[in-house]
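Colleague: I should like to go through the protein–DNA surface of this model with you. Please state the criteria as we proceed.

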2 protein chains.
Amino acid sequence: MAIHYQDPLDHTFHALGDGTRRQMLTILAERGECTASELGQPFRAAQPTISKHIRVLERAGLVSRRVDGRLHRFRLNPDSMREAQDWIARQRRFWSATLDQLGEFLDNIPDRESG
Amino acid sequence: MAIHYQDPLDHTFHALGDGTRRQMLTILAERGECTASELGQPFRAAQPTISKHIRVLERAGLVSRRVDGRLHRFRLNPDSMREAQDWIARQRRFWSATLDQLGEFLDNIPDRESG
DNA sequence: CAACAATATAGCCAAATGGCTATACATTAT
DNA sequence: ATAATGTATAGCCATTTGGCTATATTGTTG
């Protein structure tokens, strides 16, 4: 029964649903390529725990791994994050269209598209 | 062990990590306010299952509920989704800045024509 | 009031998650 | 060759998740 063809977005959003992993992505975004140790250093989790988190990010396509001797170096993979962002952006476009139809919240529209 | 003060983004991204829930949000975005039944109708899940999914969306702040007699009417809550999108957007801004600074991408392009 | 309709809640289950310790593996250093 | 370092894997555990059935709750209707 269980063969549940997982949408890639399932993995992406799930990976983003944990604060430790989001912080790892932030570190990668700020510093560029990092090793597994560097990614884990801010947390007081055990090393295998960090390893697991990294695997989740990797499965989600959010980071890519490059093995360099005994170091595993990671960097952000922009595509995956962009797809997540695009999904939300599409929703929000629909949503604002719906709002226009209904005439609700007209004062509340926080920002415009474009960017 | 640790009381883990959940970041609101944890709930938001977790809620987005399930295809059924994402589809519910799409329905809401397309049709505007919907009842619980309308949200569940496309799926062959049991009614309590739908009810649970809706609660997850609600906990995440992605939808808001308005009880109207025996009908529960839901609509999208834009703020929550926008915060998720903003988080990603910030990451992506950092990321591209990092790329610019380090120029590391150039080193790693695996094969180029000619040299 | 009784019947029906829309939802929620309780309780159960299997699978996944996030954490840990202990250990294996691979690479570098002595 | 041995030791030390960086990382992964194997188990184990408690909690959460997503699904179900059965039942309760609340509102509508005859």
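Colleague: Which side chain has an N or O atom 2.7 Å from a phosphate oxygen of DNA strand D?

Modeller: The model is predicted, with local features requiring pLDDT of at least 70 and side-chain atom pairs pLDDT 80 or more, while totals for chains, interfaces and linings use all residues. Residues are numbered from 1 along each chain as its sequence is written, chains are lettered from A and ligands numbered from 1 in the order written, and side-chain values use heavy atoms without hydrogens or water. A phosphate oxygen of DNA strand D lies 3.0 Å from a side-chain N or O atom of Arg21(B). The 2.7 Å distance belongs to Ser51(A).

Colleague: Which side chain has an N or O atom 2.9 Å from a base oxygen of DNA strand D?

Modeller: Of the strand D atoms within 4 Å of the protein, 58% belong to sugar or phosphate and the rest to bases. The base oxygen in question is 2.9 Å from a side-chain N or O atom of Arg70(A).

Colleague: Which helix supplies the largest share of the surface near DNA strand D?

Modeller: Near means that a residue has a heavy atom within 4 Å of the strand; 23 residues surround strand D. Helices here are DSSP runs (H or I, at least four residues), numbered from the N terminus. Five residues, the largest share, come from helix 4 of chain B.

Colleague: What rotation superposes chain A on chain B?

Modeller: The fit is by least squares on C-alpha atoms of residues with pLDDT of at least 70 in both copies. The shift along the axis is 0.0 Å, with RMSD 0.0 Å, and the rotation is 180 degrees. That is the relation of a two-fold axis.

Methods. A polar contact is a pair of N or O atoms within 3.5 Å; within protein, one must be able to donate a hydrogen and the other to accept it, and residues adjacent in sequence count only if both atoms are side-chain atoms. Helices (H or I, at least four residues) and strands (E, at least two) are DSSP runs, numbered from the N terminus.
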